[in-house]
Amino acid sequence: MHECEICGNVFEIEWIAKGKDYNDFGHWYCPFCGAMFDTIIIEETP
Ligand SMILES: [Zn+2]
């Protein structure tokens, strides 16, 4: 669960599967207001 410090929305992101060409640049954006985070906690479905 993540709370955006900018817009206050609280949300969860569920990662269904990583793409084989996935490359984590460490940049995440709030899906509601577009604010950037350094890190976000994502629950990866096994
Ligand atoms: Zn936000």
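Strands are DSSP runs of E of at least two residues, numbered from the N terminus. The exercises below concern a predicted model.

**Exercise 1. Determine which pattern of secondary structure the protein chain follows along its sequence.**

Solution. Begin with the inventory: the chain holds zero helices and six strands. Next, read these elements in sequence order, which yields β-β-β-β-β-β. Finally, turn to the contacts with a separation of 6 or more: 58% of them join residues 24 or more positions apart.

**Exercise 2. Identify the strands in which confidence is lowest and highest.**

Solution. Take the chain as a whole to start: its mean pLDDT is 82, and 83% of its residues reach 70 or more. Then consider the individual elements. The lowest confidence belongs to strand β6 (residues 43-44), with a mean of 64. The highest belongs to strand β2 (residues 10-11), at 91.

**Exercise 3. Locate glutamate 14 and decide whether it is buried or exposed.**

Solution. Glutamate 14 is placed in strand β3, which spans residues 14-15. Count its surroundings: 8 other C-beta atoms lie within 10 Å. The cut-off for an exposed residue is 12 or fewer. Glutamate 14 is therefore exposed. As for its position relative to methionine 1, the two are 13 residues apart along the chain, and their C-alpha atoms are separated by 9.7 Å.

**Exercise 4. Carry out the analysis for proline 31, buried or exposed.**

Solution. Proline 31 belongs to the loop between β4 (28-29) and β5 (36-37). Its count is 11 other C-beta atoms within 10 Å, so proline 31 is exposed. Phenylalanine 11 stands 20 residues away from proline 31 in sequence, with a C-alpha to C-alpha distance of 9.0 Å.

**Exercise 5. State which residues methionine 36 is in contact with, leaving aside neighbours within four places in sequence.**

Solution. First place the residue: methionine 36 lies in strand β5. Then assess its exposure: methionine 36 counts as exposed because it has 9 C-beta neighbours inside 10 Å. Beyond its neighbours within four places in sequence, methionine 36 is in contact with His27 and Tyr29. Cysteine 4 is 32 residues from methionine 36 in sequence and 9.3 Å from it in space, C-alpha to C-alpha.

**Exercise 6. Give the percentage of residues in the protein chain that count as buried.**

Solution. A residue is buried if 20 or more other C-beta atoms lie within 10 Å of its own. Of the 46 residues of the chain, 0% count as buried.

Note on methods
Residues are numbered from 1 along each chain as its sequence is written. This is a predicted model: local features need pLDDT of at least 70, side-chain atom pairs count only at pLDDT 80 or more; totals for chains, interfaces and linings use all residues. Helices (H or I, at least four residues) and strands (E, at least two) are DSSP runs, numbered from the N terminus. Two residues are in contact if their C-beta atoms, placed from the backbone, lie within 7 Å. pLDDT is the predictor's confidence in each residue, from 0 to 100.
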